[in-house]
Amino acid sequence: MEDWHALSEKEALTRLASSAGGLGSAEAAKRLLKYGKNSIEKGKKVSALHILIEQFASPLVLILIAAAAVALFFGEGVDAALIIAIVIANAAFGFVQNYNAERSIEALAKMGAPKAVVIRDGEIREISSFEVVAGDVILLGEGCKIPADARIIESGDLSIDESVLTGESSPESKRECILPSETLLADRKNMAFMSTIVVRGSGRAVVVATGKESEVGKIAKRLETIADEPTRFEREIGHLSKKIGIAVAALVVLISIVLLLVHNQPLFEVFLISISIAVAAIPEGLPAVVTLSLAIATRKMLRQKSLVRKLDVIENLGSVDVICTDKTGTLTENSMTVQQVYCDGRFYEVTGEGLETKGEFLYNGKATDPKGLCGLLTCGLICNDAVVQGRSFHGDPTEIALVVSAKKAGINMAEGNRVEVHAFSSARKRMTVEVECNGKRVAFSKGAPEIIISSCTHVFCGGKAVLLNEAAKKRLLDANSAMASKALRVLAFASKQIKAGDSEHESGMVFLGLQGMIDPPRKEVAFALQTARGAGIRVMMLTGDNLATAKAVGEKIGFSARAIDGSDLSILSGRDFEDAVFSNDIFARVSPEQKFDILKALKSRGHSVAMTGDGVNDAPALKAADVGIAMGIRGTDVSKETSDIVLLDDNFATIVKAIREGRQVFENIRKFVNYLISSNIAEVLVVFIGSLAGFLTLGAAHILWINLITDGLPALAIGADPAKKGIMDKPPRKKDTPIFDRELGAVMVGAGIVITAVLLAIFFLFLPKGIAHAQTMAFTSLVVYELMMVFIMKSHLGEDLLSNKWLLVAVALSFLMHLAILYTPLAGFFGVVALGAYDWGIIALGGIGVLFAVSITSPFLQAAFSKQQVSKTAN
């Protein structure tokens with residue numbers, strides 16, 4: 001591969017068989033035919049049909065469909081219809097959410113075919129960027145999006161924003177030069193890269209790589225090699241589903257053998273009971289509750305500026321223990337802000353951040369009148385090409401910061417008319433603007449402090465210009481060093497009244513002062529970082545900015561001083577590289593490959609990693625991360641399409657809020673799984689033990705109804721349980737932590753066994769009154785007791801029983817729905833009878849017995865479980 005940055009402009013043109021006059025149309029057409037269009041193929045668009053099919057791919061859903069098929073085969077159409085209704089409802093939930101997320105991503109994508117200005121046949125032409133080929137000479141101007149990788153052959157104060165590729169927050173000045181072969185991508189001053197944007201100046205460049213051969217294209221190639229992995233939650237649900245499937249099959253086989261060989265039951269009756277057992281064991285409500293819990297969290301997160309693209313990834317958020325975050329725009333405002341000025345021997349702090357034009361100038365911590373700073377601030381306003389339209393600012397971020405600092409002092413418009421502009425260049429390191437006002441001509445200059453100071457003979461002091469001696473020069477240079485040590489980008493300012501016959505407009509100037517700026521941290525980030533660390537989450541800063549700036553920003557928001565530069569990281573490998581990853585918190589000037597390698601090192605040690613990114617360079621890491629988080633405002637289309645979540649406000653604090661939601665989702669699903677399994681145990685045992693005695697205690701329709709109203713509304717309401725206090729005060733759950741909470745599960749299974757005993761007693765007590773009456777009593781008792789189980793569980797967890805109003809409403813509605821089938825014509829449909837006062841009294845008495853027995857057995861079960869866990873830990 002050619003190191004184009006290490007070649008001269010002439011050598012580059014020669015090797016590309018081109019010239020400064022560009023290619024001919026015929027040659028360009030040949031190259032386009034040979035090498036293809038200058039485009040990078042995006043991943044296939046996710047179709048609505050694909051999203052719909054995905055909803056039926058869950059193992060649990062497949063078990064339900066199989067159960068419905070068996071029921072239909074044996075003529076149990078009602079049972080089959082109820083199961084299919086549940087499956088369809090679940091699919092509808094998931095489809096609507098995922099479909100809306102995909103459409104939202106499409107809405108975020110930029111529209112319009114890009115254009116490029118090239119020289120063809122010696123003429124300047126505008127063509128589609130897809131038609132650009134290697135060897136084309138392209139013209140670059142302010143606002144231009146670079147169509148392909150190119151070698152600069154001519155530069156006129158050219159400055160390019162490369163943050164989408166390198167992560168560097170400040171625009172890079174470009175020039176014609178030859179660089180060493182080993183120069184890092186971010187330091188290639190003579191190269192322009194696809195998808196970056198010209199923010200000022202103009203230039204010409206010869207295209208050296210297009211499409212997949214460009215730096216952006218190489219990243220796209222890497223994306224193709226990264227396989228989509230199932231989320232941890234998907235694996236856990238799959239594992240649970242497998243266990244349930246095996247258990248159901250074993251139960252059905254066992255009961256079938258007992259009924260056929262011991263009780264000589266007819267084959268149809270055996271299958272009827274087997275279906276009832278299978279339906280009792282299968283958690284029909286689990287897919288719906290999981291989907292709804294995730295959907296509820298998704299809506300909350302959307303209100304908090306997080307767009308979730310993949311439902312299952314929400315739970316992954318809850319187990320994240322490392323966040324790798326970009327600096328620019330995520331931890332910071334993504335807006336250069338003047339924070340300190342130096343004038344007349346004094347340092348002033350400037351308040352207000354970002355594009356906010358309200359602020360104060362503080363001297364020794366107290367607000368002061370900025371009148372004495374007017375000359376300095378006006379110079380920054382005059383030496384400026386930024387455009388202000390209402391409250392919008394357009395142009396170079398540094399120049400915008402100077403406009404904002406002037407506005408804070410009430411200076412909104414520079415007096416006089418521009419008569420001449422000496423543009424900034426990397427060679428001159430300064431910009432000078434001459435204006436004419438009231439018959440006088442004045443030159444204003446800004447630039448690198450050492451350059452401006454060396455061109456001054458006087459300094460503004462005490463309201464007038466005084467001679468600048470060597471001691472005064474040293475004080476100015478010391479002031480510059482003091483500001484630069486805070487990682488501020490420092491510019492110096494000077495002016496000169498031009499007299500007739502004076503041709504030296506950039507010498508003999510009066511030094512006005514210094515302005516120091518930085519992209520400041522977001523106000524809320526420090527607290528968000530503290531919250532994340534309090535939750536056991538390590539936060540790492542991975543940035544394209546230089547080490548000094550990264551450390552300065554990190555220090556302000558609570559990062560340690562442990563930092564490493566990308567150049568130092570590049571010489572490490574193997575164990576040394578891993579040691580650097582785990583011993584540093586700030587990684588500066590990191591390349592896309594280094595980001596990816598850092599991610600791999602973290603995952604190799606078992607960490608669950610959330611990775612943020614906005615540029616094309618971040619896409620491989622976003623795809624490989626456990627949770628890929630793209631930026632909605634400044635993010636590229638590639639990063640958004642690769643991510644799991646899109647931050648609509650680009651704010652790190654939003655990530656911490658999302659993690660909180662992820663943790664709560666897991667807790668709610670975990671509660672439901674424990675509730676569901678314990679309830680299903682009672683159903684299975686009642687049917688199983690009854691079948692051993694030769695009776696069908698509950699029919700399949702009864703069990704489906706029970707699961708619908710107890711695993712339905714109440715369980716769905718559990719998914720909306722509010723977050724417990726202190727949920728962000730404990731470490732992330734470990735990878736091997738199961739969904740089924742064994743301690744809570746022990747209590748809930750114990751309660752299920754108690755309920756089984758009470759139900760069987762009630763069933764056989766009422767059996768002399770007829771099988772319909774006995775089944776109705778067992779049926780109704782199980783509904784009541786399972787609804788009680790919700791509050792038994794919440795009580796065990798120490799939660800407020802009234803904290804979730806939706807749960808109270810769901811329990812009440814479920815009970816009313818059950819009454820409706822007892823006392824309406826629906827009773828015949830389910831084969832039940834109306835119950836009287838005595839019947840309800842027995843049910844109530846049984847409920848009291850259940851509560852008493854659970855309260856007695858729970859402490860022993862908890863103690864036994866805790867002892868077992870301590871024993872396992874010790875071993």
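Thr-183 comes out at 13% relative accessibility, so this residue counts as buried, the cut-off being under 20%. That value, like the rest here, is computed from a predicted model. As for where Thr-183 sits, it is part of the loop that runs between strand 5 (172–173) and strand 6 (191–192). Its side chain gets to within reach of a backbone partner, the oxygen of Pro-180, at 2.7 Å. Once neighbours within four places in sequence are set aside, the contacts of Thr-183 are with His-5 and Arg-188.

Zooming out to the whole chain, there are 875 residues, and 54% of them are buried. The secondary structure adds up to 30 helices and 28 strands. Looking at contacts with a separation of 6 or more, 71% are between residues 24 or more positions apart.

Next, the nonpolar cores. In soluble globular proteins, nonpolar side chains tend to be buried together. Here the largest nonpolar core holds 65 residues, and the members touching the most others are Phe-511, Ile-645 and Phe-652. Helix 23 (residues 652–692) supplies the largest share of this core, with nine residues. Phe-652 itself, not counting residues up to four places away in sequence, touches Ile-323, Thr-325, Thr-330 and Leu-331, along with Val-525, Ala-528, Leu-529 and Val-539. There is also a second, separate core, this one of 54 residues, with Ile-706, Val-758, Met-789 and Val-832 among them.

Helix 12 (residues 374–382) deserves a mention too. Seven of its nine residues are buried, so the helix is largely enclosed by the rest of the structure. The buried residues of helix 12 are Leu-376, Leu-377, Thr-378, Cys-379, Gly-380, Leu-381 and Ile-382.

That leaves the empty space. Rolling a probe the size of a water molecule over the atoms shows where such space is left. The count comes to one cavity of 30 Å³ or more, and the largest cavity contains about 60 Å³ of space. Its lining is made up of Ser-293, Ile-296, Ala-297 and Lys-300, then Glu-661, Gln-664, Val-665 and Asn-668, and finally Gly-719, Ala-720 and Asp-721. Helix 10 (285–303) and helix 23 are the elements that give two or more residues to this lining. Sorted by class, the lining of the largest cavity has four nonpolar residues, four polar ones and three charged ones. Helix 23 therefore turns up twice, as the source of the largest share of the largest nonpolar core and as a contributor of two or more residues to the cavity lining.

How values were computed. Residues numbered from 1 in each chain as written. Predicted model: local features only at pLDDT ≥ 70, side-chain atom pairs only at ≥ 80, totals over all residues. Heavy atoms only, no water. Core = buried A, V, L, I, M, F, W, Y, C linked by side-chain atoms within 4.5 Å. Buried < 20%, exposed > 50% of the residue type's maximum accessible area, 1.4 Å probe, protein only. Helix = DSSP H or I, 4+ residues; strand = E, 2+ residues; numbered from the N terminus. Contact = heavy atoms within 4.5 Å. 1 Å grid on protein atoms, 1.4 Å probe; cavity = no way out; pocket = protein on both sides within 12 Å on 5 of 7 lines; lining within 4 Å. Points joined across faces, edges and corners; volume = space filled by probe spheres on them. Nonpolar A, V, L, I, M, F, W, Y, C, P; charged D, E, K, R; others polar. Polar contact = N/O pair within 3.5 Å; in protein donor to acceptor, adjacent residues only side chain to side chain.
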